[in-house]
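Me: I would like to go through this model with you step by step, beginning with how far it can be trusted and then turning to how its parts pack.

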Amino acid sequence: MAVPRSMMLTGSVVLIGLALSCSLSRAFVPAAQKAPTPNMARLPAAALSAAAVVAPTAAHADEGSVWIPALSAVGAGFAIGLAAIGSGVGQGIASGRCIDGISRQPEVADDLRGVLLLSLAFMESLTIYGLVIALVLLFANPLIK
């Protein structure tokens, strides 16, 4: 009974998602494009990617480009956000397990407390690494000349 119901719900969610994506794709107006010149030879994708690999300055921002700084700011936000979330979750779990261990065996509270403080310091250092990466992306970005 549960398998047909699950398959039916999965199928209906997939159909709703397809209908939604089709209806949203019709809402956007395509941008105006230049007419292709008939004499221009088109390079295959492998040749274009080889050219991008060979040219090391392709990743650097041009004089008027705002993409690299803007995406660096987004990357800095993700770096510090994920580092803080991961460290906070890890510290919460470690502290909870330490309290659980102390409540079971109060005689080893000093040993557990020392190990907890050391592990919390290591977890917090990972957050500081995320902060350093975010600051490098914001203020000393190697992709910007």
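**Confidence and packing in a predicted model**

Reply: This is a predicted model, and the protein averages a pLDDT of 79, with 69% of the residues scoring at least 70.

Me: Which helix has the lowest confidence in the protein?
Reply: Where pLDDT is low, the predicted coordinates should not be read in detail. Confidence is highest in H4, at 92, whereas the lowest value, a mean of 60, belongs to residues 45-54, which form helix H2.

Me: What pattern does the protein follow when read along the sequence?
Reply: The secondary structure of the protein comes to four helices and zero strands. Read from one end of the sequence to the other, the protein therefore contains no strand to interrupt the helices, and the pattern is α-α-α-α.

Me: What span should helix H3 have, and how far apart are its end C-alpha atoms?
Reply: Helix H3 covers residues 67-104, which makes 38 residues, and at 1.5 Å a residue the expected span is 56 Å. The distance between its end C-alpha atoms agrees with that expectation, at 55 Å.

Me: Which helix is among the elements that cover the buried residues of H3?
Reply: The buried residues of H3 include Ile-68, Ala-83, Cys-98 and Gly-101. What covers the buried residues of H3 includes residues 109-139, that is, helix H4.

Me: Are H3 and H4 roughly parallel or roughly antiparallel to each other?
Reply: Two packed helices are described by the angle between their axes and the distance between the axes. For H3 and H4 the axes lie 8 Å apart and the packing angle is about 175°. Because angles over 145 degrees count as roughly antiparallel, H3 and H4 are roughly antiparallel.

Me: How many residues of the contact of H3 with H4 are nonpolar?
Reply: The residues of this contact between H3 and H4 divide into three classes, of which two residues are charged and nine are polar. The remaining class, the nonpolar residues, numbers 20.

Me: Is Ile-102 buried, partly exposed or exposed?
Reply: Ile-102 lies in helix H3, and its relative accessibility is 24%. Because buried means under 20% and exposed means over 50%, Ile-102 counts as partly exposed.

Me: How far apart in space are Ile-102 and Leu-112?
Reply: Leaving aside its neighbours within four places in sequence, Ile-102 is in contact with Ala-109 and Leu-112. Ile-102 and Leu-112 are ten residues apart in sequence, while their C-alpha to C-alpha distance in space is 7.3 Å.

Definitions and conventions: Residues are numbered from 1 along each chain as its sequence is written. This is a predicted model: local features need pLDDT of at least 70, side-chain atom pairs count only at pLDDT 80 or more; totals for chains, interfaces and linings use all residues. Side-chain values use heavy atoms; hydrogens and water are left out. Helices (H or I, at least four residues) and strands (E, at least two) are DSSP runs, numbered from the N terminus. The expected span of a helix is 1.5 Å times one less than its number of residues. Buried means under 20% relative accessible area, exposed over 50%, partly exposed in between (1.4 Å probe, protein chains only). Contact means heavy atoms within 4.5 Å. Axes are lines fitted to C-alpha atoms, for helices over the stretch in contact, and angles run from 0 to 180 degrees between N-to-C directions. Angles under 35 degrees count as roughly parallel, over 145 as roughly antiparallel, 65 to 115 as roughly perpendicular and the rest as oblique. Ala, Val, Leu, Ile, Met, Phe, Trp, Tyr, Cys and Pro count as nonpolar, Asp, Glu, Lys and Arg as charged, and the others, Gly among them, as polar. pLDDT is the predictor's confidence in each residue, from 0 to 100.
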